[in-house]
Amino acid sequence: VRIRCKQLCVSTFFQSHTPVRSLGFTSAIPGEGKSFLARVAAEALADDDSVAVTLLECNWEHPSFSTDFKLAPGPGLAEWLRQECSLDAIRRQTQHNLTVIPAGESKNNTVGLLRAFHQHGVLDVLTRPNEVIIVDLPSVTTTPYGQLAASMVDSLILVVRMGVTPESYIT
């Protein structure tokens with residue numbers, strides 16, 4: 001899985017005629033493994049010393065990065081978007097070339113947060129030249145803000161579990 005995720009990222013970020021700096025992972029329904037694959041892709045790509053990667057969590061329905069990466073309590077994307085903290089406060093370096101930004105507390109205002117994020121632009125959370133961003137997004141059909149979140153990245157991966165996701169949801 002790790003090798004395939006890295007191949008996918010390299011072909012998306014570095015072999016396209018159109019510059020791509022943000023890649024989102026979404027699914028039609030929850031439980032497809034999009035957060036897992038976003039994390040594996042970011043970690044695999046960051047293993048290459050020449051690539052700085054930020055892994056951004058925009059899934060306020062099921063946030064997991066604080067636990068997965070054993071991050072100390074602190075602000076996340078939501079707090080930065082509400083201007084309650086600085087960008088440095090939400091960027092958590094977990095390995096040499098990998099920075100994780102947890103979702104933070106949405107306070108039941110996910111649409112407002114995404115509108116603010118859209119005004120900033122997804123690349124505003126990056127601080128290094130040539131840094132790329134991988135975004136863990138919510139499911140597009142079961143989350144009210146899923147389609148809005150998915151529209152903010154340059155390129156999108158739709159994660160599907162064969163035999164689980166109804167074909168009509170994929171379409």
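Let's start at Glu 79, which is buried: its relative accessible area is 12%, and the cut-off for buried is under 20%. Keep in mind as you look around that this is a predicted model. Glu 79 sits in helix 4, which runs over residues 77-81.

So what does the side chain of Glu 79 reach? One partner is the backbone nitrogen of Glu 105, at 3.0 Å. Another is just upstream: a polar atom of the Glu 79 side chain lies 2.7 Å from the backbone nitrogen of Gly 76. If you skip the neighbours within four places in sequence, Glu 79 is in contact with Glu 84, Cys 85, Ala 103, Gly 104 and Glu 105.

Two of those names come back when you turn to the largest pocket. The space in there comes to about 150 Å³. It has 14 lining residues, and the ones closest to its centre are Ser 66, Gly 74, Pro 102, Ala 103 and Gly 104. Which element gives the largest share of that lining? Helix 3 (residues 65-68) does, with 3 residues. Sorted by class, the lining holds 7 nonpolar, 5 polar and 2 charged residues.

Next stop is Arg 91, in the loop between helix 5 (87-90) and strand 3 (92-95). Is Arg 91 buried or exposed? With a relative accessibility of 14%, Arg 91 counts as buried. Its side chain makes a polar contact of 3.0 Å with the side chain of Glu 131, and a polar contact of 3.2 Å links the side chains of Arg 91 and Thr 127. Leaving out residues up to four places away in sequence, Arg 91 also touches Thr 54, Thr 99, Val 100, Ile 101, Val 125 and Leu 126, among others.

Some of those residues turn up again around Leu 55, which belongs to strand 2 (residues 53-57). Leu 55 is at 0% relative accessibility and therefore counts as buried. Beyond its neighbours within four places in sequence, Leu 55 is in contact with a set of residues including Leu 98, Thr 99, Val 100 and Ile 101, along with Ala 38, Phe 65, Phe 69 and Ile 134. For a sense of scale, go from Leu 55 to Glu 167: they are 112 residues apart in sequence, and their C-alpha atoms are 29 Å apart in space.

How far can you lean on all this? The mean pLDDT of the protein is 90, with 99% of residues at 70 or more. Among the elements, strand 4 (residues 98-101) has the highest mean pLDDT, 97, and helix 8 (residues 167-170) the lowest, 80. Where pLDDT is low, the predicted coordinates shouldn't be read in detail.

Note on methods:
Residues are numbered from 1 along each chain as its sequence is written. Side-chain values use heavy atoms; hydrogens and water are left out. Helices (H or I, at least four residues) and strands (E, at least two) are DSSP runs, numbered from the N terminus. Buried means under 20% relative accessible area, exposed over 50%, partly exposed in between (1.4 Å probe, protein chains only). A polar contact is a pair of N or O atoms within 3.5 Å; within protein, one must be able to donate a hydrogen and the other to accept it, and residues adjacent in sequence count only if both atoms are side-chain atoms. Contact means heavy atoms within 4.5 Å. On a 1 Å grid over the protein atoms alone, a cavity is a set of points where a 1.4 Å probe fits but cannot get out, and a pocket is an open set with protein on both sides within 12 Å along at least five of seven lines; lining residues have an atom within 4 Å of a point. Grid points are joined across faces, edges and corners, and a volume is the space filled by probe spheres set on the points. Ala, Val, Leu, Ile, Met, Phe, Trp, Tyr, Cys and Pro count as nonpolar, Asp, Glu, Lys and Arg as charged, and the others, Gly among them, as polar. pLDDT is the predictor's confidence in each residue, from 0 to 100.
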